[in-house]
Amino acid sequence: MAIPWFRWTAILATPLLFSPLVFMLDDAAARCAYVVLVMAVFWILELLPLPVTALLPVVMFPLLGIASTNQTAVVYMKGTQMMYLGSLMIALAVEESGLHRRVALKALLLAGTSPTRIMLGFMIPTAFLSMWISNAATAAMMVPILEAVLLELGLTAKQKTMMMLAVAYSANIGGTGTIIGTPPNLILMEFMTQYPDHPLNFGSWMIFTIPSVLLNLVILWVVLQLYFMRQDPKQLFKKGKNNPDSQVTKVIKARYEDLGAMSFHEIGVLGLFSTLVVIWFMRKPGFLPGWAEALQWTKASGSVVSIGSATPTIIIVMLLFIIPANPLKDPSGPALLQWDAVQRKFPWGIILLMGGGFALAEGAKVSCLTNQIGAALEGIGHLPPPLILLVLCLVTSVVSQIASNSATTSMIVPVVLAMAQSLKINPAYLALGVTLTASHAFMLPVSTPPNAIVFTAGGLTIKDMVGVGAILNILCISTTFLCLHTYGGVMFDLDTVPLWANVTVVGSTMCL
């Protein structure tokens, strides 16, 4: 058995390499920077499982005098993680009911039978489902369906690669469409809570991101065809013939018919899920007072007891465990969601990974590392904001190719917010740019779970992914720029530093 010398050497050498920050500088910010750098190397090289690396602050912060164990541990389950925990359980209920498979197969039946239309038929439901359930689960569901269809199409190896990448990349793009679509979105939302009146909420996020999702899907559909099929651009949007009697249609139709009539299990999950989406929208809609404001309590001291999105999410989760999946035939039978399914399938690691990022941010705040980074970056204040954003997006894009997008966002967003405060730039302008870019990682199998899933399915090469992925990275950064500098600027007043951004971050003067 081969001994993993590189891994063992890197685990031992990394803390030693950065140790001068601890022993030569008697400064809490330097000690915090030591933890940040060690975790960054561990995350990027995956020397330990990502969630295990995320637990390092619980060990290192108290030992290095940065923050107490309790002060560190409490950030591992904030309202943001609780909301994501609930949304993942609801997504698991959708998977257990088979509702996601019904949506996907129905979309494929409507798509048509030509290869390019079949590819579009896979892309649209994949992106849509990734907005609501994890992109890894979406890709894992779609790949077997795609493999069954590919057996009937008789495509070339390049065309099969094109189809596989279409599923992976659509899952990555779709995840940016909602706050719960992918962890980086929620990580950003948690960091934005330091600005109490910031304009990002469930509704405004979707209004901003859905146009970019649609535009990126069109770009993906076109680029994949041009890259792998060398097709005449004039032929891309030409309507092809649809053959309802083709073998492909028969395969998809057979799979759809195997599902049978829509069960109460599916209807119940769909009803609860749709109700929760409406509740999320109406919590703080912007154009009228939301339900959270109407129901909130005020203490005798005058402070407000706010109600976050996690509260209705957990209510819906509880209903999933209460309502029977078949109340007519078996009212005392299994519920819409069973706990054993949660135990088997729930991705607990992502909750720890998010918590590790928040712990780093907390340590950077109390040690004043964030302030020092912001001050050090004031020298680039003479550059125009679009150029600063471009550099940040390019750095984020490079890092997210080799590190998880959650870890990338956790490392970069706090720095970006500190930079925005120092340079007098709207924080949402820089933070939205880097967060969306972190999810647009297309070049390597390790970049995102969907990339890894389609790569292990077979038939793909690193060369194929790097080539087309680099093109898509550049184009998606361009679409992000376009959206931020057009309607995004109007929505969030990105050209100015609004009143909500003119706040002193709590704890910024409480440095160790």
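Helices are DSSP runs of at least four residues, numbered from the N terminus. The structure described here is a predicted model. In this numbering, Asp493 lies in the segment after α26, the helix of residues 487–492.

The backbone at Asp493 has a phi angle near 55°, a positive value in a residue other than glycine. Asp493 is partly exposed, because its relative accessibility of 38% falls between the limits of 20% and 50%. A positive phi is also found at Lys424, again in a residue other than glycine, with a value near 60°. Lys424 belongs to the loop between α22 (405–423) and α23 (427–439). With a relative accessibility of 62%, Lys424 counts as exposed, because the limit for that class is over 50%.

The pocket analysis concerns the largest pocket of the model. This pocket has a volume of about 1000 Å³. Its lining is made up of 31 residues, and those nearest the centre of the pocket are Thr193, His198, Arg283, Ser306 and Gly308. By residue class, the lining of the largest pocket comprises 15 nonpolar, 11 polar and five charged residues. Several helices contribute to this lining: at least two residues come from each of α7 (79–97), α12 (183–191), α15 (264–283) and α16 (291–295).

Five salt bridges are present in the structure. One of them joins the side chains of Glu190 and Lys78, with an N to O distance of 3.2 Å. This pair links distant parts of the chain, since Glu190 is in helix α12 and Lys78 is in the loop between α6 (69–73) and α7, 112 residues apart. Helix α12 is also among the helices that supply at least two residues of the pocket lining. Glu190 is buried, because its relative accessibility of 9% is under 20%. Lys78, at 27% relative accessibility, counts as partly exposed.

Another salt bridge is formed by Arg102 and Glu266, whose closest N and O atoms are 2.7 Å apart. Here too the pair links distant parts of the chain: Arg102 is in helix α8 (residues 99–111) and Glu266 is in helix α15, with their positions 164 residues apart in the numbering. Arg102 counts as buried at 9% relative accessibility, and Glu266 counts as buried at 4%. Helix α15, which holds Glu266, is one of the helices that supply at least two residues of the lining of the largest pocket.

A further salt bridge connects the side chains of Asp26 and Arg31, at 3.9 Å from N to O. Asp26 is exposed, with a relative accessibility of 78%, whereas Arg31 is buried, with a relative accessibility of 16%. The contact qualifies as a salt bridge because its distance of 3.9 Å is within the limit of 4 Å.

On the surface, a nonpolar patch is formed by Leu387, Leu390, Val391, Leu394 and Val395. Together these residues have about 380 Å² of accessible area. Val395, one of the members of the patch, is found in helix α21 (residues 385–402). The relative accessible area of Val395 is 44%, and this residue is therefore classed as partly exposed. Membership of a patch requires over 30% relative accessible area, so Val395 meets this condition.

Separation along the chain and separation in space were compared for three pairs of residues. Ser439 and Pro184 are 255 residues apart in sequence, and their C-alpha atoms are 7.4 Å apart. Ser439 is found in helix α23 and is buried, with a relative accessible area of 2%. For Gly363 and Ser68, 295 residues apart along the chain, the C-alpha atoms are separated by 9.9 Å. Gly363 lies in helix α19 (residues 348–366) and counts as buried at 1% relative accessibility. In the pair of Val218 and Ala136, the residues are 82 apart in sequence and 22 Å apart in space, from C-alpha to C-alpha. Val218 is part of helix α13 (residues 202–229) and, at 42% relative accessibility, counts as partly exposed.

How values were computed:
Residues numbered from 1 in each chain as written. Predicted model: local features only at pLDDT ≥ 70, side-chain atom pairs only at ≥ 80, totals over all residues. Heavy atoms only, no water. Patch = residues over 30% accessible without salt bridge, like charges linked within 9 Å, V, L, I, M, F, W, Y side chains within 5 Å. Areas by Shrake-Rupley, 256 points an atom, 1.4 Å probe, with all protein chains shown as cover. Buried < 20%, exposed > 50% of the residue type's maximum accessible area, 1.4 Å probe, protein only. 1 Å grid on protein atoms, 1.4 Å probe; cavity = no way out; pocket = protein on both sides within 12 Å on 5 of 7 lines; lining within 4 Å. Points joined across faces, edges and corners; volume = space filled by probe spheres on them. Nonpolar A, V, L, I, M, F, W, Y, C, P; charged D, E, K, R; others polar.
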